[in-house]
Amino acid sequence: MAMPMRRALGALRRTTCSSLKNAETSLDVQHPIPLFLPVRTKKRYFIPPAVGIKGKSEGNPEAKARAAGIVFRQQYFERPINIACTAGIFDPYIPPEGDARLSTLSKDGLKQRTEQIRQSAASQLAIRKIKEHDSAFTTKDFAEKAQEIFIEAHHALTQFNKQKLHSLVTERCYPEMTRGNRYKTISWRFVESLEPPRVVHARCPDMVSKGNLYGQVTVRMHSKQTLAVYDRFGRLMLGSEEQPKDVLEYLVIERHLINPYGQWRLHGKIVPSWAPAKDPIIKTVMIPGPKLKPGQEFDALNYEVPKPEAVQWSK
């Protein structure tokens with residue numbers, strides 16, 4: 001029964017199609033030109049290497065990607081730089097040994113005097129360039145301003161005020177001041193100034209391009225300060241809050257001169273080679289105690305700290 005029905009439907013379809021074709025030819029109906037779209041005949045994709053293949057040579061992945069139709073982006077090995085400040089101190093000031101003037105009759109004294117004349121001549125030229133961009137700059141007033149910047153920066157450091165510290169120190173000086181201060185308490189106080197601060201050195205270097213000028217001024221500051229550093233357990237590591245010390249420092253203050261919104265900020269310090277060594281840091285260490293049983297109390301008075309065993313070593 002199903003086969004005759006299928007044959008009848010097929011004959012009906014053929015009859016309908018032939019009748020439609022005859023109608024189109026009689027009415028002269030023309031179809032529009034078909035629009036051909038380019039179709040990609042081959043899929044190009046990059047198959048990543050299989051996971052777990054260790055130690056096997058995979059060949060050149062760049063050549064495989066190029067064969068698959070993928071172009072590797074060119075990699076530029078460039079380091080981002082910050083032009084708000086310089087990367088170091090240009091032509092640093094060399095303080096005379098002992099911060100004293102030797103006699104010009106001696107060989108060392110004559111050499112020191114010659115070096116001072118050469119540095120002072122270059123400093124005068126640098127101060128002229130700085131005054132062209134900062135008309136209010138004077139060596140007398142700038143020394144006091146540099147001392148105020150130094151005091152405010154150290155107060156911001158003790159209070160962990162990052163926003164204020166960034167406005168007072170350069171991007172080069174910030175990590176040097178904050179490195180290693182985590183989990184520590186810093187107590188710093190400026191007691192008095194033993195000598196008035198004075199400008200001893202000035203330079204006006206350029207960076208990246210010839211007109212990109214920076215002003216670096218070195219200020220000599222002799223003052224009395226107190227410093228105490230505590231670790232995370234509250235134990236004193238360095239210094240004392242009650243005993244002030246005489247400190248002789250050479251501060252380098254920098255400003256981006258061509259920037260109209262630039263400010264004078266602390267850039268670094270010059271530590272002379274003849275400066276005394278710093279005090280050692282007292283570290284807190286854990287001494288292993290005896291193994292106690294549950295319910296047993298530790299008697300600290302009768303306990304003896306075990307001494308480490310002698311170890312044979314050689315250089």
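# Salt bridges, a pocket and a cavity

Glu176 is partly exposed, with 44% relative accessible area (buried is under 20%, exposed over 50% and partly exposed in between, with a 1.4 Å probe and protein chains only). Its side chain meets that of Arg172 in a salt bridge, 3.8 Å from N to O (a Lys or Arg side-chain nitrogen within 4 Å of an Asp or Glu carboxyl oxygen). The model is predicted, so local features need pLDDT of at least 70 and side-chain atom pairs pLDDT 80 or more, while totals for chains, interfaces and linings use all residues. Residues are numbered from 1 along each chain as its sequence is written, and side-chain values use heavy atoms, leaving out hydrogens and water.

**Salt bridges**

- The structure holds eight salt bridges, and the pair Arg172 and Glu176 is one of them.
- Arg172, the partner of Glu176, is partly exposed as well, at a relative accessible area of 24%.
- Arg220 and Glu195 form another salt bridge, with 2.9 Å between their closest N and O atoms.
- Arg220 sits in strand 2 and Glu195 in strand 1, so this pair ties together parts 25 residues apart in sequence (helices, H or I of at least four residues, and strands, E of at least two, are DSSP runs numbered from the N terminus).
- On the two sides of this bridge, Arg220 is buried at 4% relative accessible area, whereas Glu195 is partly exposed at 31%.
- Asp91 and Arg203 also join through their side chains, at 2.8 Å from N to O.
- Because Asp91 lies in the loop between helix 2 (61-67) and helix 3 (107-133) and Arg203 in strand 1, their salt bridge links parts that are 112 residues apart in sequence.
- Here too the accessibilities are worth a look: Asp91 is partly exposed, with 37% relative accessible area, and Arg203 is buried, with 8%.

**The cavity**

- Searching the whole structure turns up one cavity of 30 Å³ or more (on a 1 Å grid over protein atoms alone, points where a 1.4 Å probe fits but cannot get out; lining residues have an atom within 4 Å of a point).
- The largest cavity has a volume of about 30 Å³, a volume being the space filled by probe spheres on grid points joined across faces, edges and corners.
- Both partners of one salt bridge, Asp91 and Arg203, belong to its lining, which also includes Ile89, Phe90, Pro92, Tyr93, His201, Gln216, Thr218 and Val252.
- Strand 1 and strand 2 are the elements that give two or more residues to this lining.

**The largest pocket**

- The largest pocket has a volume of about 1800 Å³ (a pocket is an open set with protein on both sides within 12 Å along at least five of seven lines).
- Its lining has 40 residues, and those nearest the centre are Leu227, Leu238, Glu249, Lys269 and Lys278.
- Strand 3 gives the most to the lining of the largest pocket, with 11 residues.
- Each of these elements supplies at least two lining residues: helix 4 (139-158), helix 6 (173-178), strand 1 (185-203), strand 2 (214-230), strand 3 (236-256) and strand 4 (265-269).

**A loop residue**

- Val208 lies in the loop between strand 1 and strand 2.
- Val208 counts as exposed because its relative accessibility is 69%.
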